[in-house]
Amino acid sequence: MAKASADPPRRWSEESDAGDDARLTELFRAVGDPEPLPSAALARVHERLESKRRTSQLSRRMRELVMAGSMLLLGSSLALAGWGASEWLIGRSQRAPQPAPETAAGKAARTLNGHRGPKGKQPAHAPPEPEASAPVSSSESDAPVAPNAANAKAKASSERHDQLLAPADSSQLAAEALALERALVKLRREHDAQGALAVLDESQPLFSKGSLALEAQVARVDALLVLGRRAEALAILEQLPLAQLGRGGELELVRAELRAVGDCGRALKDFDVLVTRALAAPLMERALYGRAACELSVGDRTHAEQDLKQYLARFPEGRFADRVRVQLGKASGKAQQRLVQRRSVALRL
Amino acid sequence: MASGSVPQSISIVNHAQVLDLDRVYREHAATVSRWLRRLTGKNDASDALQEVFEVVQKRLPSFRGDAQLGTWLYAITLRVVIAQRRKARIRRLLFAQARAQFDLDSEPAESPADHLMRRQATQIVYTVLEQLRERDRALLILFELEALPIAEIADIFRMTENNVAVSLHRARERFRARFQQQFPEAAPGLNHGQSKR
């Protein structure tokens with residue numbers, strides 16, 4: 001191999017035709033420049049990225065919930081252990097024989113014995129006596145432990161324990177997220193819209209004001225649409241603050257399409273807004289066609305024709321392209337045939 | 001042939017603006033898809049494009065603007081392509097699949113004959129590139145086909161310009177040797193464009 005130089009070489013495509021590498025020069029000049037992917041393909045990739053991002057956000061949220069749940073469980077266990085220990089000690093102190101009132105002679109004898117007294121007779125394996133949590137005054141030390149004080153302490157401890165075991169906000173959210181996830185799995189993975197609705201119905205009374213209530217409503221809309229229950233889906237969509245939700249205008253488009261079934265005038269306003277937005281290509285395609293269809297149905301042929309032409313220009317291979325060509329009277333025999341075939345397949349289904 | 005550098009619109013990034021994935025995708029996806037087609041020699045770049053932007057999404061929060069956005073994207077694209085090619089090579093080894101095919105199409109040429117010539121030249125170049133080491137292949141694509149300046153290639157590979165120049169000389173030597181061995185009489189666009197292997 002020739003000794004490599006540190007000077008930058010000249011590109012083969014820029015060398016003279018008669019140079020040593022004439023063939024390579026010709027070859028590299030002939031290689032064309034690739035075009036970028038078409039906008040439809042770019043939009044599809046964007047959609048895939050979006051859905052992946054949503055999924056990963058959900059799983060991150062689930063991880064956080066699991067972490068919060070574990071912390072809660074650990075805290076509860078520790079509190080329970082503390083409570084159990086204090087209960088045991090209280091019970092023990094109540095069961096222990098109360099010392100009899102001491103006589104002056106007994107007191108004197110105890111003083112002479114160096115305060116050992118009964119302590120010296122303790123069995124070797126007895127549990128160690130706990131240290132008093134609070135200093136006891138000399139007058140109290142001689143008196144028996146008041147049962148009321150012990151009960152009050154136990155009650156306070158029990159209340160603290162109850163508070164710790166009560167469902168906290170995070171566990172509520174975890175349960176809500178689990179229910180929603182179950183519904184989404186049924187809907188998206190198992191393609192069981194009816195099952196998804198059942199799960200949502202079951203969890204709705206529990207989480208009607210939960211943090212994921214909006215998301216649950218959107219899942220319900222999806223399930224209803226799969227089942228063809230459009231009126232119910234529209235009724236929900238009419239109530240939802242769609243601008244706050246994700247899915248980049250998709251839900252607003254669905255609402256417009258559903259409105260168009262009964263009220264094209266209202267739907268037209270939605271479509272007008274949607275077509276001015278930077279929607280993903282598949283959504284834009286639907287919005288443009290939806291607007292044209294609505295314009296046709298309200299008798300606005302001029303604008304309908306403009307939209308149909310715009311549709312064909314932007315989506316010549318779009319899903320409504322054959323239909324649009326037929327509507328514009330531009331359909332070739334082949335396109336019409338395809339349309340008839342699609343209709344007959346749809347009818348058979 | 002490509003214009004020589006990453007487009008100006010990509011090079012100049014206003015760091016005061018927050019970079020989010022949607023914006024980066026909207027502005028640069030088409031360019032990245034063109035790079036992908038160039039680097040893979042294949043028309044279908046959708047999966048690779050998704051992979052590139054998944055990496056971008058992961059790394060965007062830590063992008064500090066030390067490099068130009070275009071160079072940064074190019075480096076990610078290159079790594080994704082190299083990783084995909086490694087996987088494909090392993091799959092070919094494991095499952096005895098056919099050798100990689102190149103179907104890269106360029107812009108419509110003036111005539112069918114020109115178009116055919118471009119296709120054949122592309123086939124020959126990618127067939128020879130395929131036999132080089134990944135780094136040589138990438139260097140040659142960036143320098144000879146994308147016509148990137150040495151400084152930019154150095155940024156992408158995190159090498160000094162001197163090292164890039166030396167590596168390029170060597171990569172060109174290897175390409176020349178393979179080309180002469182495989183296509184001793186081939187002239188691009190003529191009828192000798194068939195691999196003899």
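In chain B of this predicted model, residues 24 or more positions apart account for 69% of the contacts with a separation of 6 or more. Of the 197 residues of chain B, 37% count as buried.

What is chain B built from? Its secondary structure comes to 8 helices and 0 strands, and from the N terminus on the elements run α-α-α-α-α-α-α-α.

**How sure is the predictor?**

For chain B the mean pLDDT is 78, with 73% of the residues at 70 or more. Confidence varies along the chain: helix H1 (residues 8-11) of chain B has the lowest mean, 43, while helix H8 (residues 161-182) of chain B has the highest, 93. Two stretches of chain B deserve some care, and here they are side by side.

| Stretch of chain B | pLDDT | Contacts in the model |
|---|---|---|
| Residues 6-17 | below 50 | 16, beyond near neighbours in sequence |
| Residues 187-197 | under 50 | 25, beyond four places in sequence |

Where pLDDT is low, the predicted coordinates should not be read in detail. For the complex, the predictor gives an ipTM of 0.75 and a pTM of 0.44.

**Where two helices meet**

Let's look at one pair of helices in chain B. The axes of H6(B) and H8(B) come within 9 Å and cross at roughly 100 degrees. Why is H6(B) called roughly perpendicular to H8(B)? Because angles of 65 to 115 degrees count as roughly perpendicular, the crossing of H6(B) and H8(B) earns that description.

Which residues make this contact? H6(B) brings B:Asp136, B:Leu139, B:Leu140 and B:Phe143, and H8(B) brings B:Ser167, B:Leu168, B:Ala171, B:Arg174 and B:Phe175. Sorted by class, the contact of H6(B) with H8(B) has 6 nonpolar, 1 polar and 2 charged residues.

**Meeting chain A**

Now for the partner chain. The contact between the two chains takes 44 residues from chain B and 33 residues from chain A. Several helices of chain B each supply at least two residues of the side that touches chain A: helix H2 (21-40), helix H3 (46-59), helix H5 (112-130), helix H6 (134-145) and H8. Which of them gives the most to this side of chain B? That is H8(B), with 10 residues. By class, the side of chain B that touches chain A has 23 nonpolar, 10 polar and 11 charged residues.

H8(B) is thus a good helix to find in the picture: in chain B, confidence is highest there, H6(B) crosses it at roughly 100 degrees, and H8(B) gives the most to the side that touches chain A.

Key:
Residues are numbered from 1 along each chain as its sequence is written. Chains are lettered from A and ligands numbered from 1 in the order in which they are written. This is a predicted model: local features need pLDDT of at least 70, side-chain atom pairs count only at pLDDT 80 or more; totals for chains, interfaces and linings use all residues. pLDDT is the predictor's confidence in each residue, from 0 to 100. Helices (H or I, at least four residues) and strands (E, at least two) are DSSP runs, numbered from the N terminus. Two residues are in contact if their C-beta atoms, placed from the backbone, lie within 7 Å. Ala, Val, Leu, Ile, Met, Phe, Trp, Tyr, Cys and Pro count as nonpolar, Asp, Glu, Lys and Arg as charged, and the others, Gly among them, as polar. Axes are lines fitted to C-alpha atoms, for helices over the stretch in contact, and angles run from 0 to 180 degrees between N-to-C directions. Angles under 35 degrees count as roughly parallel, over 145 as roughly antiparallel, 65 to 115 as roughly perpendicular and the rest as oblique. A residue is buried if 20 or more other C-beta atoms lie within 10 Å of its own, exposed if 12 or fewer, and partly exposed in between; C-beta atoms are placed from the backbone.
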